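Let's take a walk through this protein together. Have a look at the picture, and we'll start with the whole before turning to single residues.

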Amino acid sequence: SSFHLFFCDMQQEKMEGLQAQIKEQFQKAFDDLLEQKLKEKDYEWVARLYVEIRDRICALIPRRADVHAQIKEQMDEVIFRQMLDADAYKPEDLVNLIGYVFHWFAQLQSPARDTSTEEKKQALFALLSTPGTTLASFVPVFVKTTHAVLDEIEADKAAFREQMSKK
């Protein structure tokens, strides 16, 4: 009956709204906890997140050990961790990291994404230059932004593979 379909649609909308709310709360808790860890100078988690971003970029470049080695050298987790522990990680290091990561995004993504990815990069630079921005407040935004771009690249590649498999 149409009432049953209407009821099912309403239930579906409620579930989707609830899922979005849970995801939003989870993201906020993640960001808050990461910021807190950084304020406490506990860098274990952020070092793992750094490696995760680096490894996700490498995973998008199959069968190129030479490129993987170059990326791993540029995003060396030992040096990164030592700089954090020594309080030697400066804003210019973040600028270089953003530039490097987004350089790879530009190489790996669909040209249709260039504008939106550039806007995300510029938003990160703007946040970094905002008075009062700290490493602790910046890193969660950087992590969320980079993973969002990586998710888009991976989804585009999967959609392309799917499209090619139907031909």
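The radius of gyration used here is taken over C-alpha atoms, and the rule for a globule is 2.2 Å times the number of residues to the power 0.38. Keep in mind that this is a predicted model. By that rule, a compact globule of 167 residues would come out near 15 Å, but this protein has 19 Å. You can also picture a box around the C-alpha atoms: along the principal axes, they fill roughly 65 × 45 × 25 Å.

What is the chain built from? There are 7 helices and 0 strands. Follow the sequence from start to end and the pattern reads α-α-α-α-α-α-α.

Now for how the chain meets itself. Take the contacts between residues at least 6 apart in sequence: 70% of them join residues at least 24 apart. As for what is tucked away, 31% of the 167 residues count as buried. The protein exposes about 10900 Å², and carbon and sulfur atoms supply 57% of that area. There are charges to consider too, 22 positive and 28 negative, and the mean positions of the two sets are 3 Å apart.

Let's zoom in on the rings. A pair of aromatic rings is described by the distance of the centres and the angle of the planes. How many aromatic pairs does the protein have? The count comes to 3. One of them is formed by tyrosine 50 and phenylalanine 80, which are stacked, with 3.7 Å from centre to centre and 0° between the planes. Tyrosine 50 sits in helix α2 (residues 44-59) and phenylalanine 80 in helix α4 (residues 77-85), so this pair ties together parts that are 30 residues apart in sequence. Are these two rings buried or exposed? Tyrosine 50 is buried, with a relative accessible area of 8%, and phenylalanine 80 counts as buried as well, at 7%.

Phenylalanine 138 and phenylalanine 142 form another stacked aromatic pair, this time with 6.1 Å between the centres and 20° between the planes. Both lie in helix α7 (residues 135-165), and because they are 4 residues apart there, about one helical turn separates them. Phenylalanine 138 is buried, its relative accessible area being 0%. Phenylalanine 142 is buried too, with 6%.

Next, a few lysines. Lysine 121 belongs to helix α6 (residues 114-128). Its relative accessible area is 19%, and the cut-off for buried is under 20%, so lysine 121 counts as buried. What does lysine 121 touch, not counting residues up to four places away in sequence? Its partners are Ile98 and Phe102.

Lysine 120 is in helix α6 as well. At 23% relative accessibility, lysine 120 counts as partly exposed. Leaving out residues up to four places away in sequence, lysine 120 touches Phe102, Thr145, Val149 and Glu152. So Phe102 is touched by lysine 120 and by lysine 121, given that contact means heavy atoms within 4.5 Å. Measuring from C-alpha to C-alpha, lysine 120 is 14 Å in space from glutamine 109, and the two are 11 residues apart in sequence.

Lysine 157 takes us back to helix α7. With 29% relative accessibility, lysine 157 counts as partly exposed. How far apart are the C-alpha atoms of lysine 157 and leucine 108? They are separated by 9.5 Å, while along the chain the two residues are 49 apart.

Finally, let's visit the backbone in two loops. Most residues other than glycine have a negative phi. Arginine 63 has a positive one, near 55°, and it is not a glycine. You'll find arginine 63 in the loop between α2 and α3 (65-74). Arginine 63 is exposed, with a relative accessible area of 79%. Aspartate 87 also has a positive phi, about 60°, although it is not a glycine. Its place is the loop between α4 and α5 (91-108). Aspartate 87 is partly exposed, at 46% relative accessible area.

Technical notes:
Residues numbered from 1 in each chain as written. Predicted model: local features only at pLDDT ≥ 70, side-chain atom pairs only at ≥ 80, totals over all residues. Heavy atoms only, no water. Buried < 20%, exposed > 50% of the residue type's maximum accessible area, 1.4 Å probe, protein only. Areas by Shrake-Rupley, 256 points an atom, 1.4 Å probe, with all protein chains shown as cover. Lys, Arg positive; Asp, Glu negative; His and termini not counted. Charge placed at Lys NZ, Arg CZ, Asp CG, Glu CD. Phe/Tyr/Trp six-rings, centres within 6.5 Å; stacked < 30°, edge-to-face > 60°.
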